[in-house]
There are 2 protein chains.
Amino acid sequence: MKSVLLIGQSNMAGRGFIKDVSPIYNEHINMLRNGRWKMMAEPLNFDRHISGVGPAASFAQAWTVDHPGESIGLIPCAEGGSSIDEWSIDGLLTRHAVSEAKFAMETSEIVGILWHQGESDSYGERYKTYEDKLLSLFKHLREELNTPDIPIIIGELGHYLGKTGFGKSAVEYKQINQILSKVAYDEKNCYFVTSKGLTANPDGIHIDAISQRKFGLRYYEAFSKQKHVVDILDIEHEWIEEEAKRELSKNERIFLQSMKFALGQLSFEEFSTNISSINESE
Amino acid sequence: MKSVLLIGQSNMAGRGFIKDVSPIYNEHINMLRNGRWKMMAEPLNFDRHISGVGPAASFAQAWTVDHPGESIGLIPCAEGGSSIDEWSIDGLLTRHAVSEAKFAMETSEIVGILWHQGESDSYGERYKTYEDKLLSLFKHLREELNTPDIPIIIGELGHYLGKTGFGKSAVEYKQINQILSKVAYDEKNCYFVTSKGLTANPDGIHIDAISQRKFGLRYYEAFSKQKHVVDILDIEHEWIEEEAKRELSKNERIFLQSMKFALGQLSFEEFSTNISSINESE
């Protein structure tokens, strides 16, 4: 199985409202739990109990379309509110992410790293030292994971920042975006992903759920084509609409029924009947 | 800070329905996330997206009452469906739990281990080899964590097993319970906790939310008094009722408002107004 490491702060973890988008259930997408793989459901990066939709689910969904019959695993290590200093090479977050990645590598091959971070460094001239810190982190991860050439995909900070709500304090997000872009263009196997057109939750800082679905597609475009994505993709809107209509496989339908039952939304009789009818329909 | 390691299978992770009990918000209870401590909210052991209420929250709540001004951290490593063989000393779950515990120990002192497991071994005469495997795990954890004397609290499997739903296949739960009890009584610093009177979700296997609150209190009774708990505690029902009425601290009220806002249940204006009024009320 292939796997992808998710690191950065809250917009990589995901804060889009789950109710705002169609769920993605896909038996070929897994998430790391206790060092093992489980079929994905959102929120998949559970750094907070309020975690929601991030870019990784639609990234993975697009990956599975291009890799029929194969599976992908997501290694969730993003941490809400974390600054670049908290991603120092000897810092807890980095060491923990490396540890989780190594557990994942016992049963998968890491093929990429998705990075989204910088809101917490968008003030107080922190951008002046950001580049060196980011390069140091990437170099360290490549060494520690023994993955010198895997693509690292770098997402731009939202253009809506610096204006309202919690996003108001991110007054220097443009400077951080310049550095994110520079690192992506300068470094080998690093690719930039624009946040053009993405919108925020009412808090003015977190990318909303629909936008996260689009962002994930852009991350996948950069990953799969090994190129910078500097504009909105033509397919975004249509892809999300089509995805919502995708027919679930037998395993996915069983997963969904099991989930409803586990959450107390079905009686045991209803659950049993539904599972029987899924099994008979094959 | 003190901390406690949570291991076992789904009833330690927690599958009680969150809507069935009053939430526990307590600024002195933390959960480990990405190697760091965050204020707890349930589900705290996110092995599955359907995780719910386990025994740890009321355990920790009772702990804070006995330790005013101090804080406790919960290290969630329980894995739904795991058998004792999956908790072998070189198995992934055990190595991952040790790894998480060591991250926690950078900023806390582990003072106990809570164990609940055995449903997955309640058939096929697995009980015949269960004792040696459990003892081997406990010895290994004590050595690896360098905590030779900390209490290990062992919860009994539900008396409702072997009858309905998913619990129907756990036909040998009584044999497993005998061994859990034997280990607790034979081993130094191991204590047994009865599941007497606890009830299940409609699935017949998972302890329901109210019962998990009670179970957590029994775990704490065993932990704090260093004794076996062989009967229902007189205080259980009243404790849960009183807890639901506890007034939240300023930080807890802010946590709750932040959560509602993060989940899209408040506008930014409502959120700001509520936070202001909390701050002014002090």
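**Two pockets in a predicted model**

In the second largest pocket of this predicted model, the lining residues split into twelve nonpolar, nine polar and six charged. Keep that pocket in view for a moment. Its space comes to about 640 Å³, and 27 residues line the second largest pocket. If you want to find the middle of it, look for S258(A), R48(B), I50(B), F166(B) and H206(B), which lie nearest the centre. So much for the residues; now the secondary structure. In chain A, β3 (36–39) and α8 are the elements that give two or more residues to this lining. Of these, α8(A) supplies the largest share, with five residues.

Now move over to the largest pocket. Here the volume is about 1,200 Å³, and the lining runs to 48 residues. Around its centre, the ones to pick out are P43(A) and H49(A) from chain A, plus I18(B), P43(B) and H49(B) from chain B, which lie nearest. As for elements, α8 (250–262) of chain A and α8 (250–262) of chain B are the ones that give two or more residues to this lining. The largest share is again a matter of α8(A), this time with three residues.

What about the chemistry of that wall? The lining of the largest pocket divides into 27 nonpolar residues, twelve polar and nine charged.

One helix is worth highlighting in your viewer as you go back and forth: α8(A) gives the largest share of the lining in the largest pocket, and α8(A) does so in the second largest pocket too.

Definitions and conventions. Residues numbered from 1 in each chain as written. Chains lettered and ligands numbered in written order. Predicted model: local features only at pLDDT ≥ 70, side-chain atom pairs only at ≥ 80, totals over all residues. Heavy atoms only, no water. 1 Å grid on protein atoms, 1.4 Å probe; cavity = no way out; pocket = protein on both sides within 12 Å on 5 of 7 lines; lining within 4 Å. Points joined across faces, edges and corners; volume = space filled by probe spheres on them. Helix = DSSP H or I, 4+ residues; strand = E, 2+ residues; numbered from the N terminus. Nonpolar A, V, L, I, M, F, W, Y, C, P; charged D, E, K, R; others polar.
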